[in-house]
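Colleague: I should be grateful for a close look at one part of this model, its nonpolar interior, set in the context of the chains around it.

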Amino acid sequence: MALAKELITRLLAGAAVLWAAASLAFIVLQLLPSDPVQVIYGADSTVTPEMRDRIRADFGLDQPLWQQYAGFVSRTVTGDLGTSYQQRRTVVSIITSELGSTITLASLAVLLAFSMAVLATLATAGRDNWLRRVISSLELVSVSTPAFWIGLLLLTFFSFQWPIFPVVGDQGWKSLVLPVATLGIALFGTLSQVMRNEMDQALEQPFALTARTRGLSLWAVRWRHALRHALIPALTIAAETFGALLAGAIITEQVFGRPGLGRITLQAVRNQDIPVVLGVVLFSAFVFVTINIIVDLLYRVVDPRLRARA
Amino acid sequence: MTNLSIEMGGAGKATSRLRRGRMPLGVVLAGLILAFMAVCAVAPGFVAPYDPYAPDLLASLKPPSTAHIFGTDQLGRDIFSRVVHGASYSLYIGLCATALAVAAGILIGLSAGVAGGFIDLALMRVIDVLLAFPGLLMSMAVVAFLGTGVTNILIAIAIASIPGYARIVRAQVMVVRTSGYVEAARVLGQPPMRTLLRHILPNTVGPLIVLSTLGIGSAILQSAALSYLGLGPKAPTPEWGLMLSEGQGYLRRGWWVGIFPGVFATATIISTTVLGRYIKALTDGRA
């Protein structure tokens with residue numbers, strides 16, 4: 001019962017954030033000095049006033065402001081993000097057609113980054129030795145290195161110096177290796193840093209000592225008891241991780257010439273195709289809110305203390 | 001028992017090493033790197049041996065040598081000179097964007113924290129919504145409206161980092177507001193504006209300055225990324241991200257084209273992060 005109540009509260013809060021995001025997007029559209037007709041046909045085009053009016057009517061720009069707002073929000077709620085100025089397709093169809101490629105890239109990269117972070121955490125938390133210093137330095141490099149440069153380095157060595165992997169194009173799993181590595185390496189540092197920080201603290205708590213005095217080995221304490229604590233901050237930053245993933249995907253897709261959400265976003269930004277830009281922004285807000293709701297529910301799975309309290 | 005506690009609690013050593021007051025080697029190195037970058041930014045002609053814009057098509061894509069220590073690019077320009085000149089763009093954008101974002105963050109966070117009530121609630125909900133968007137996506141959206149160029153990506157990066165600073169300021173105001181000295185000032189009948197400027201502001205800004213040191217690094221990272229995506233300065237500007245995107249097509253014929261601008265960018269970002277963390281650790285220890 002408590003779970004259902006919390007779920008409803010979460011959903012309502014999420015809906016409020018999305019409504020605010022849609023309103024913000026609407027305000028931005030209104031503040032925009034540029035005229036969609038100009039974006040579509042170019043500044044120096046010879047569009048007759050009648051044609052201009054018809055186009056404005058097509059986009060609903062002739063209605064009173066409150067009607068435009070109501071229409072915009074209700075369309076957004078029903079999943080209609082408008083029509084691209086440039087491509088004459090709905091924003092939703094543009095996003096869905098490119099989404100699969102980005103999801104493949106992002107989920108494999110998360111898997112890679114997460115596995116590396118768990119290994120790094122298990123091996124170095126609560127210790128002060130050379131391995132920890134090496135891994136800490138690697139994390140620092142990972143968070144500080146521009147993702148596109150990681151990609152260019154991988155290309156330089158593994159495609160040009162030793163032609164193991166293809167430079168661009170789709171050649172099955174082979175063309176996924178370098179992009180996934182790029183995004184995974186870029187993500188690893190942040191994840192690993194917060195997880196180890198938490199595990200450091202967990203290992204100093206009395207339960208860790210108790211487990212040791214019961215005769216458990218250091219590795220068993222880490223694996224069976226402390227790792228669970230390290231997973232909590234990893235969950236907390238899951239939504240931020242999604243943001244980092246999306247940003248990283250935009251860059252990675254550009255480096256390796258891959259199709260995906262990043263490519264259409266960059267294209268839309270360059271062409272000032274505002275409906276697509278706002279569509280991607282709203283879509284990312286939707287995913288962000290959804291992830292946060294799932295994370296709140298997952299806390300209960302990872303952390304039994306929360307279940308007991310409810 | 002002692003053996004066990006050593007094995008469990010090794011992480012505490014890092015802080016005790018810090019407390020001894022000796023500056024770690026990494027921090028010294030970071031300071032030296034940043035000093036070098038600052039010289040490059042202020043007086044590039046002093047460091048760079050060649051004109052960063054002068055093409056020499058007869059010497060295009062030459063590997064590193066004594067004449068060109070970082071080699072030459074596709075147009076025969078000296079990569080070292082270009083990389084040196086590039087420092088000014090990154091440092092300029094990093095510093096100005098952070099300063100702008102911090103100033104706006106203080107203004108918004110302070111108003112929200114001091115005003116309280118509905119204004120606070122409304123401002124913080126807007127901040128929450130803005131924090132829902134990845135920074136790069138938000139700055140890209142701003143560029144979509146403003147257009148490309150150095151000034152516009154500077155503004156875009158600043159706008160994207162305002163929400164984070166505003167939230168920190170507001171949280172800090174909440175802590176300071178309930179503290180004894182603010183209470184005392186109020187009881188003594190000081191005007192609210194004076195309390196705000198004399199007590200709340202200074203105690204809020206301190207922690208923020210420390211955090212903004214770390215912010216400069218990520219602003220530089222963002223500016224390099226936006227430039228790489230072609231949203232920043234235009235060719236032939238010697239900006240690091242732009243140099244890498246222009247050089248990408250020539251990686252097959254010359255690895256050095258893709259290496260050195262990235263080395264400079266990464267070294268600058270790592271150094272600001274190392275220095276920022278050191279300052280943060282020092283001030284945390286004092287608090």
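Which residues have the most contacts inside the largest nonpolar core, and how many residues does that core have?

Modeller: The model is a predicted one, and what follows should be read accordingly. Its largest nonpolar core has 140 residues, and V277(A) and V281(A) are those with the most contacts inside this core. Helix α5 of chain B, residues 79-115, provides the largest share of the core, namely 15 residues.

V281(A) merits a closer description. When its neighbours within four places in sequence are left aside, V281(A) is in contact with A25(A) and also with F133(B), L137(B) and A141(B). V281(A) of chain A thus has partners in chain B as well as in chain A.

The surroundings of these contacts belong to the wider meeting of the two chains. There, 47 residues of chain A are in contact with 42 residues of chain B. On the chain B side, the elements that give two or more residues are α1 (2-8), α2 (13-19), α6 (117-131), α7 (135-146), α10 (192-228) and α12 (255-286). By character, the residues on that side of chain B comprise 27 nonpolar, 10 polar and 5 charged. Two of the partners of V281(A), L137(B) and A141(B), carry numbers that fall within α7 (135-146) of chain B.

It remains to describe each chain as a whole. Chain A has 14 helices and 0 strands. The C-alpha trace of chain A spans about 85 × 60 × 30 Å along its principal axes. Chain A comprises 310 residues, of which 36% count as buried. Among the contacts in chain A with a separation of 6 or more, 75% are accounted for by residues 24 or more positions apart.

Chain B, for its part, has 12 helices and 0 strands. The C-alpha atoms of chain B fill a box of roughly 80 × 60 × 35 Å, again taken along the principal axes. Buried residues amount to 44% of the 287 residues in chain B. For contacts in chain B with a separation of 6 or more, residues 24 or more positions apart account for 67%.

To return to the part you asked about: the core of 140 residues has V277(A) and V281(A) as its residues with the most contacts, while helix α5 of chain B gives the largest share of that core. V281(A) itself is in contact with F133(B), L137(B) and A141(B), among others.

Key
Residues are numbered from 1 along each chain as its sequence is written. Chains are lettered from A and ligands numbered from 1 in the order in which they are written. This is a predicted model: local features need pLDDT of at least 70, side-chain atom pairs count only at pLDDT 80 or more; totals for chains, interfaces and linings use all residues. Two residues are in contact if their C-beta atoms, placed from the backbone, lie within 7 Å. Helices (H or I, at least four residues) and strands (E, at least two) are DSSP runs, numbered from the N terminus. Ala, Val, Leu, Ile, Met, Phe, Trp, Tyr, Cys and Pro count as nonpolar, Asp, Glu, Lys and Arg as charged, and the others, Gly among them, as polar. A residue is buried if 20 or more other C-beta atoms lie within 10 Å of its own, exposed if 12 or fewer, and partly exposed in between; C-beta atoms are placed from the backbone. A nonpolar core is a set of buried Ala, Val, Leu, Ile, Met, Phe, Trp, Tyr and Cys residues joined through C-beta atoms within 7 Å.
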